[in-house]
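Hi everyone, thanks for having me. Today I'd like to walk you through one protein model, starting with the whole and ending with a single residue. Have a look at it first, and then we'll talk.

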Amino acid sequence: VQLMESGGGVVQAGGSLRLSCAASGSIFSITSMSWYRQAPGKQRELVASITRGGSTDYSDSVKGRFTISRDNAKNAVNLQMNSLKPEDTAVYYCGLSQLIQSLKYTYWGQGTQVTVSS
């Protein structure tokens with residue numbers, strides 16, 4: 001499975017960015033897709049996730065500002081980020097989890113840099 005992220009960049013505080021992630025390869029039964037981020041010197045943390053059925057979960061730090069959505073037909077997930085803050089600066093990673101013969105597998109993209117200037 002390959003995950004290709006796009007949409008990162010540099011934006012001023014208060015601005016918006018939209019991240020996209022497209023999955024390809026041996027995809028059988030996706031259970032969820034997600035966005036994680038990792039800032040320098042910090043652990044990778046969950047930003048948002050969405051199940052195949054559309055249930056979403058957000059980190060408290062992004063609730064009300066970020067929106068995750070997915071296109072099941074295209075095996076794609078998007079992250080609309082509004083009201084960005086300098087503390088949102090990080091490398092953002094797309095993740096995909098699927099079940100293969102009842103075993104859960106998780107795959108990661110290479111990441112896209114988001115930099116929010118103050």
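I'll start with the overall picture, then turn to a hairpin, and finish with one alanine.

One thing to keep in mind throughout is that this is a predicted model.

So, what is it built from? The protein has eleven strands and zero helices. If you read from the N terminus, you simply meet one β element after another: β-β-β-β-β-β-β-β-β-β-β. The radius of gyration is 14 Å, close to the 13 Å that the globule rule gives for 118 residues, so the protein is as compact as a globular protein of that length. Its C-alpha atoms fill a box of roughly 45 × 25 × 20 Å along the principal axes.

How much of the chain is buried? Of the 118 residues, 40% are. The accessible surface comes to about 6300 Å², and carbon and sulfur atoms account for 47% of that. There are 11 positive and 7 negative charges, and the mean positions of the two groups lie 4 Å apart.

Contacts tell us about the fold too. Take those between residues at least 6 apart in sequence: 54% of them join residues at least 24 apart.

Now let's zoom in on the hairpin. Please find strand β7, residues 66–71. Here is a handy rule: in a regular strand the side chains alternate between the two faces of the sheet. In β7, the covered face has F66, I68 and R70, while T67, S69 and D71 make up the uncovered one.

Which way does the partner run? Strand β8, residues 76–81, is antiparallel to β7, and six bridges join the two. Within this pair, T67 stands opposite Q80 of β8. Four residues lie between the strands of the hairpin, and N75 takes a positive phi near 50°.

Last stop: A48, which you'll find in strand β5, residues 45–51. Is A48 buried or exposed? Its relative accessibility is 0%, so A48 counts as buried. And what is A48 in contact with, once we leave aside neighbours within four places in sequence? The list is S34, W35, D57, Y58, I68 and L79. You have met I68 already, on the covered face of β7.

For a sense of distance, compare A48 with G8: they are 40 residues apart in sequence, and their C-alpha atoms are 16 Å apart in space.

That's my tour. Thanks for listening!

How values were computed:
Residues numbered from 1 in each chain as written. Predicted model: local features only at pLDDT ≥ 70, side-chain atom pairs only at ≥ 80, totals over all residues. Heavy atoms only, no water. Rg over C-alpha atoms; globule rule 2.2 N^0.38 Å. Buried < 20%, exposed > 50% of the residue type's maximum accessible area, 1.4 Å probe, protein only. Contact = heavy atoms within 4.5 Å. Areas by Shrake-Rupley, 256 points an atom, 1.4 Å probe, with all protein chains shown as cover. Lys, Arg positive; Asp, Glu negative; His and termini not counted. Charge placed at Lys NZ, Arg CZ, Asp CG, Glu CD. Pairing = 2+ DSSP bridges.
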